[in-house]
Amino acid sequence: MKILVALSGGVDSSYVAKTLKDEGHEIIGCYMKLHNKPNYHEQNIKKVKKVGEFLGIETKILDLQSEFEKEVYRPFIEIYKSGKTPNPCALCNRTIKLGKLLDFAIKLGCEKLATGHYVRVENGLLKVALDESKDQSYFLANVKKDALKNMIFPLGNSYKKDIKAYIANFPELIEIAGQKESSEICFVENSYIDILNKHFNTNTPGVVKNSNGEVVGKHDGYMHYTIGKRRGFSVFGAHEPHYVTKIDAKNNEIIVGLKNELLENEFETINLNEFLNLDDEFRANIKIRYRSSKIKGTIKKLENGGTKVILDEKTSGIASGQLAVFYDDLDRVLASGFIK
């Protein structure tokens, strides 16, 4: 089988390329240039070429910087500007990695595209990886259903520690096996605020209000805050920790409250992405953030293409712009939607 493998220069993608080559497949490696972080691509391309030479496979460079700027980077900026919390990885996986890169694979005559995502596919549905600490089903839950039939995820049934140990057996790849883990957001070096500062003056002091609309403190500029944050603002005379519960971008205000005021059990989503034809009302296990635990709840479809979600129990950290992912009892992704 002719397979295009997404290569980053790291452990996971190197393992994918090697194991598929050892299985007898015709492998082409591909490195994606997605952004213009200084020296980032030069170092990675050097490693990708090293992998290609070791495995005896062709490696290609695909420049998707303009597409990434339009589909991922600019929305990241604008969503923060609107006072929401973006999920750039979910956008990237849909439009770039399982979008433009998949198109490139098909153009090359490849039958499949393989990536280093930790996820499984079962009966056409994404499923949580065996190594749950590395599972990426959450970030892939926004991809188009049709893309999955062209995908291979060789890491889904493996543990990261075993993959690193295997790669370390090859002297040519020792450097790669020991390198530092990449960050979740590839174009963010240290903090997202550094990115926003390139486009906006984020240091615009404003007032802090409580849930009753009373002014209770000051803050440094609404873009510095996300839902659940408890530092970086002042609350006059407070004796207990306060947390950001809402962000009013239009008026440059943040609303804060005690920890119990973060607790909610209802929200709406937009852009429902279904992997099955689901009933107008269905039950699921729901994740509201990558690192959150699943909570059982009921999802009701809305006429506007979104959903209303009612959790069985209250939880904190429900943030506009984040992805809500709906799983069945077998840890398979049924659908997803962005929190309104």
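**View 1. Residues under the UniProt "binding site" annotation in the predicted model**. In the unreviewed UniProt entry, the annotation "binding site" covers Ala6, Leu7, Ser8, Gly9, Gly10, Val11, Asp12, Ser13, Met32 and Gly116. Two of these residues, Ser8 and Ser13, are taken up in the next views.

**View 2. Surroundings of Ser8, a residue in the loop between strand 1 (2-6) and helix 1 (11-22)**. The relative accessible area of Ser8 is 39%, so the residue is partly exposed. From the side chain of Ser8 to the backbone nitrogen of Gly10 the distance is 3.2 Å. When residues up to four places away in sequence are not counted, Ser8 touches Ser13, Tyr31, Asn44 and Val48.

**View 3. Surroundings of Ser13 in helix 1**. Ser13 counts as buried because its relative accessibility is 5%. Apart from neighbours within four places in sequence, the contacts of Ser13 are with Val5, Ala6, Leu7 and Ser8. Of these contact partners, Ala6, Leu7 and Ser8 also carry the "binding site" annotation in the UniProt record.

**View 4. Surroundings of His224, in the loop between strand 9 (215-219) and strand 10 (233-235)**. His224 has a relative accessible area of 18% and is therefore buried, the cut-off being under 20%. The side chain of His224 lies 3.4 Å from the backbone oxygen of Thr202. Thr202 is also among the residues in contact with His224 once neighbours within four places in sequence are left aside. The others in that set are Tyr192, Ile193, Asn203 and Lys229.

Key
Residues are numbered from 1 along each chain as its sequence is written. This is a predicted model: local features need pLDDT of at least 70, side-chain atom pairs count only at pLDDT 80 or more; totals for chains, interfaces and linings use all residues. Side-chain values use heavy atoms; hydrogens and water are left out. Helices (H or I, at least four residues) and strands (E, at least two) are DSSP runs, numbered from the N terminus. Buried means under 20% relative accessible area, exposed over 50%, partly exposed in between (1.4 Å probe, protein chains only). A polar contact is a pair of N or O atoms within 3.5 Å; within protein, one must be able to donate a hydrogen and the other to accept it, and residues adjacent in sequence count only if both atoms are side-chain atoms. Contact means heavy atoms within 4.5 Å. UniProt positions are given in the numbering used here, feature names are shortened, and annotations may be inferred rather than shown by experiment.
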